[in-house]
Amino acid sequence: MKDQAGRRRVRRLAIGTAVVLALAGMNGPWLYRVGTEKYHEYQINRPEYKADNGHWEIVEFPEEYKQNTIHAALLRTGKVLLVAGSGNNQENFDAKKFDTRIWDPVKGTIKKVPTPSDLFCTGHTQLANGNLLIAGGTKRYEKLKGDVTKAGGLMIVHNENPDKPITLPAGTRFTGKENGKTFVSKDPVLVPRAKKVFDEETGEFLRNDPGLGRIYVEAQKSGSAYETGTEDNYKVEGLSGTEARNTYGIAQKLALDKKDFQGIRDAYEFDPVAEKYIKVDPMKEARWYPTLTTLSDGKILSVSGLDDIGQLVPGKNEVYDPESKKWSYTNKVRQFPTYPALFLMQNGKVFYSGSNAGYGPDDVGRDPGVWDVDTNKFTKLPGLSDPDQLETSGTVLLPPAQDEKYMVIGGGGVGESKLSTEKTRIIDLKADGPKFVDGPSLEKGTRYPSASVLPNDSVLVSGGSEDYRGRGDSNILQARIYDPSSNSFDQVADPLVGRNYHSGSVLLPDGRVMFFGSDSLYADKANTKPGEFEQRIEIYTPPYLYQGSRPSLSKGTETIERGESGTFTSQHASSIKKVRLIRPSAATHVTDVDQRSIALDFTTEGNKVTVKVPENKNLVQAGWYMLFVVDDQGVPSEAQWVRVP
């Protein structure tokens, strides 16, 4: 791989020299630029160049099908689900214009799908039955400080009655005992009953710990006169007797400060055959920017997000049971920033890489480690370079998944920081005393890098920007392929479209990679011209698809149990060197905890290929997978879909 990379660098140098020589006799900068562009276009389309560097192609949907794609998932039908919701567009949100598309990358067809809620910034993951679980989304858009007209914020409602909970309806009025100002709740709130606390040794009753409910409240009228400066106790209007004595509110400063996005509890399964959303039991907590991760028992863990009052969910995590379609809380509390990168390990524990998408305190839940969800024990992992620059970083489980090595790619400082890092960090979780070590560096500090596992055991890393949301025209038009065996990057063809915030990538069944989204704040270096959402899709065809014919693979055993074998037909069986089982992606905000490439043992006889699926249920989670065979030239077949029950 290193020798090949060296040859490619020599070729690029030769190309650049040829351009200069060819244009040396031209007069004027315009002729120089036009000549350069034409020569570059010619050069990147040469078969030899494609065989070394791959090729990029832009896909632009017809106007009526364009949308601001925020989420993308490969379905077991081979089609791609593209979800926008309101697409980070306040006008769409106000008009309840929520969008979803299904795109067939083979036939090129596009279909609009009715979208029941604002699934902008939802969470998603592949289910064992082939459906996609989608949970959370947007209840309210953020309001910047200058746009907030009514003072408001978080009210903690206390219930000191140990005998019963109390529900306060939307519109409940809270009046401060000291400040005398009245605030009104925007939604109903259920406040659990108080908990009786006893002395563990004597059994003597000690006290009642009040039940707590969280609710967003707003002043009745606009203006700074209705702001509060300090904490106060609030009387709940409309209550009497015991309820009035036991129920009260406590709020800190209620002001005209910026108000963050608010989440929803809605949850759906998307059926890829019927091509529609199916409503299931809502989550216990509203969540905006949550991560969904499959656990060892097949249930789905939902973590983090902003809640229905715009606060980071206070460590109240929950699980979805695909059998009952119901949610339940986990036993313990643990808090993470939004969109934390959480991966199921082969021992059933959960690895947290530290990658996240941003919201949350800079000193809570940001250290990487191994999390035992059952006991809530969290073991921190050392060695991470630039640990203060993990927001907007990408994390990928390196192939093959059996090795349990992860790479954390790039990242930036907390919030709107200008900091970004060029570091990659690698950790081997099977090592004694695992710790992060630096991998090969990127050329530039990179936020929002996309990473897709390829069937030949390499990883495509592309895009991103040096600054927050591409500020200062800082998109990085570069792509690299990482080879785990040599621990090196090889620069390949440059993408045509910049990608930063709200972008991602998905491996397709034919071995190409689809890129979507990008949401720049500005469109110029001076940060004066507002950016526009990138609606074009771009497809990267890796070099392996320009190496000549690819091995065939015909449909075979569709369902293979763990520890069992299945047989397929290939006219090139004798040349096959690898078989890979790749879980389809569900990507958003450069977070994709679903994708993994599992090495399969195999035998060949004549034109038959017999593959065996590993027994570990944590390595091979139940669901649908793409099965690729790879020949002795590193060229993959087109995938066949296989179900592991």
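Which loop holds Pro400? Select the stretch between strand 30 (394-397) and strand 31 (405-409), and you will find Pro400 in that loop. Strands here are DSSP runs of E with at least two residues, numbered from the N terminus.

Before moving on, note that this is a predicted model, where local features need pLDDT of at least 70 and side-chain atom pairs count only at pLDDT 80 or more, while totals for chains, interfaces and linings use all residues. Residues are numbered from 1 along each chain as its sequence is written, and side-chain values use heavy atoms, leaving out hydrogens and water.

**Stop 1: an unusual peptide bond**

Stay in the loop and show Pro399 together with Pro400: the peptide bond that joins them is cis, with omega about -10°. Most peptide bonds are trans, and most residues other than glycine have a negative phi.

**Stop 2: two positive phi values**

Now select Asp457, in the loop between strand 34 (450-453) and strand 35 (459-462). Asp457 is not a glycine, yet its phi is positive, near 75°. Is Asp457 buried or exposed? Asp457 is buried, at 10% relative accessible area (buried means under 20%, exposed over 50% and partly exposed in between, using a 1.4 Å probe and protein chains only).

Next, go to Asn527, in the loop between strand 39 (513-517) and strand 40. Phi of Asn527 is positive too, near 55°, and Asn527 is partly exposed, with a relative accessible area of 28%.

**Stop 3: an open sheet**

Colour strands 1, 40, 39 and 38, which form an open, antiparallel sheet in the order 1-40-39-38. Two strands pair if DSSP finds at least two bridges between them. Strand 1 (55-59) and strand 38 (503-507) are the edges; each has a single partner strand, so one side of each has no neighbour in the sheet. Strand 1 pairs with strand 40 (residues 537-541) over five bridges. To see one bridge, select Trp56 and its partner in strand 40, Tyr540.

**Stop 4: the largest pocket**

Finally, show Glu142, Tyr359, Tyr468, Arg469 and Tyr501, which lie nearest the centre of the largest pocket, among its 35 lining residues. A pocket is an open set of points on a 1 Å grid over the protein atoms alone, where a 1.4 Å probe fits, with protein on both sides within 12 Å along at least five of seven lines; lining residues have an atom within 4 Å of a point. The space in the largest pocket is about 740 Å³, a volume filled by probe spheres set on the grid points, which are joined across faces, edges and corners.

How values were computed: Helices (H or I, at least four residues) and strands (E, at least two) are DSSP runs, numbered from the N terminus.
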